[in-house]
Amino acid sequence: MIRKIAAGLAIAALMGSAAFAETIEVQMLNQGSDGERMVFEPALVQAAVGDNIRFVATDRGHNAEINDGMLPEGAEAFTGRINEEIEVTLDVEGVYGVICKPHFAMGMVMIIAVGDVEAPEGFLDGRIPRRAKERFEAQLASF
């Protein structure tokens, strides 16, 4: 009996945080609940290391992908296909900037904060369309 309990505890320890990982759903929408057009909803996600983010193409014509340079060092970039759901596991703590490539200039962006983090210096450097930058700034101010 003790061996069975010990084996069960060893398996639980090996599974670690994966057993407690959460799946957070993000809708890709033509119009959000607040009336804004071309949005991810929610636009800001607080996640833990190991959590999954599922991007759902609720409305057609959208994708989710990491914007160039907007991910933590050591993290793997992702690019979803237009009109398709994509699910990613975030294994590296930090701030991720996500865009919808077809609607980037219209401001269809979101931020995922993994862990207890702040946006790194220069996170909004580079070529970001005005509307997208405004939304990124508003999202950063919210966490």
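This is a stop-by-stop tour of a predicted model, with a suggestion at each stop for what to select in your viewer.

**Stop 1: the whole chain**

Start with a cartoon view of everything. The protein has two helices and eight strands. Trace the chain from the N terminus and the elements come in the order α-β-β-β-β-β-β-β-β-α. Now colour by accessibility if your viewer lets you: 40% of the 143 residues of the protein count as buried.

**Stop 2: the open sheet**

Next, pick out the strands β2, β1, β4 and β6. Read in that order, these four strands make an open sheet, and their pairing is mixed. At the edges sit β2 and β6 (86-89), each of which pairs on one side only. Going from one strand to the next, the twist averages 15 degrees.

Zoom in on the pair β1 and β4. Select 23-31 for strand β1 and 52-56 for strand β4: the two run parallel, joined by five bridges. For one of the bridge partners, click on T23 and look across to N52 in β4. As a reminder, strands of a sheet pair through backbone hydrogen bonds, either parallel or antiparallel.

**Stop 3: R54 and its two partners**

Stay on β4 and show the side chain of R54. Which residues does R54 form salt bridges with? One is E25, with the closest N and O atoms 3.6 Å apart. E25 belongs to strand β1 and R54 to strand β4, so this pair ties together parts that are 29 residues apart in sequence.

The other is E85, where the closest N and O atoms are 3.5 Å apart. That contact also links distant parts of the chain, since E85 lies in the loop between β5 (65-66) and β6, 31 residues from R54 in strand β4.

Are these side chains buried or exposed? R54 has a relative accessibility of 23% and counts as partly exposed. E25, at 41%, counts as partly exposed too; the cut-off for buried is under 20%.

**Stop 4: the charged network on α2**

Now move to helix α2, which covers residues 130-141. Show R130 and E134 as sticks. Their side chains meet in a salt bridge, at 2.8 Å from N to O. R130 and E134 are four residues apart in helix α2, and therefore separated by about one helical turn. R130 is exposed, with a relative accessible area of 62%, while E134 is partly exposed at 34%.

Then widen the selection to E36, R130, R131, E134 and R135, which are linked in a network of salt bridges. Across the model, the salt bridge count comes to seven.

**Stop 5: backbone oddities**

Switch to a backbone view for this one. Most residues other than glycine have a negative phi, and most peptide bonds are trans. Here are some places to check against that.

- Select E41 and P42: the peptide bond from E41 to P42 is cis, with omega near 5 degrees. P42 sits in the loop between β2 and β3 (44-47).
- Step back to M38, whose phi is positive, near 55 degrees, though M38 is not a glycine. This residue is part of strand β2, and with a relative accessible area of 8% M38 is buried.
- Jump to N83, another residue other than glycine with a positive phi, about 70 degrees. You'll find N83 in the loop between β5 and β6, where N83 is partly exposed, with a relative accessible area of 30%.

**Stop 6: the largest pocket**

Finish by turning on a surface. Rolling a probe the size of a water molecule over the atoms shows where empty space is left. In this model, the largest pocket holds about 220 Å³ of space.

Where is its centre? Select D34, V39, F40, A43 and Q139, the residues nearest the centre among the 13 that line the largest pocket. Two elements give two or more residues to that lining: β2 (37-41) and α2 (130-141). What is the lining made of, by class? Count five nonpolar, four polar and four charged residues.

Before closing the session, keep β2 highlighted for a last look: β2 is an edge strand of the open sheet, holds the buried M38 and contributes to the lining of the largest pocket.

Terms used. Residues numbered from 1 in each chain as written. Predicted model: local features only at pLDDT ≥ 70, side-chain atom pairs only at ≥ 80, totals over all residues. Heavy atoms only, no water. 1 Å grid on protein atoms, 1.4 Å probe; cavity = no way out; pocket = protein on both sides within 12 Å on 5 of 7 lines; lining within 4 Å. Points joined across faces, edges and corners; volume = space filled by probe spheres on them. Nonpolar A, V, L, I, M, F, W, Y, C, P; charged D, E, K, R; others polar. Pairing = 2+ DSSP bridges. Axes fitted to C-alpha atoms, helices over the stretch in contact; angles between N-to-C directions. Salt bridge = Lys/Arg side-chain N within 4 Å of Asp/Glu carboxyl O. Buried < 20%, exposed > 50% of the residue type's maximum accessible area, 1.4 Å probe, protein only.
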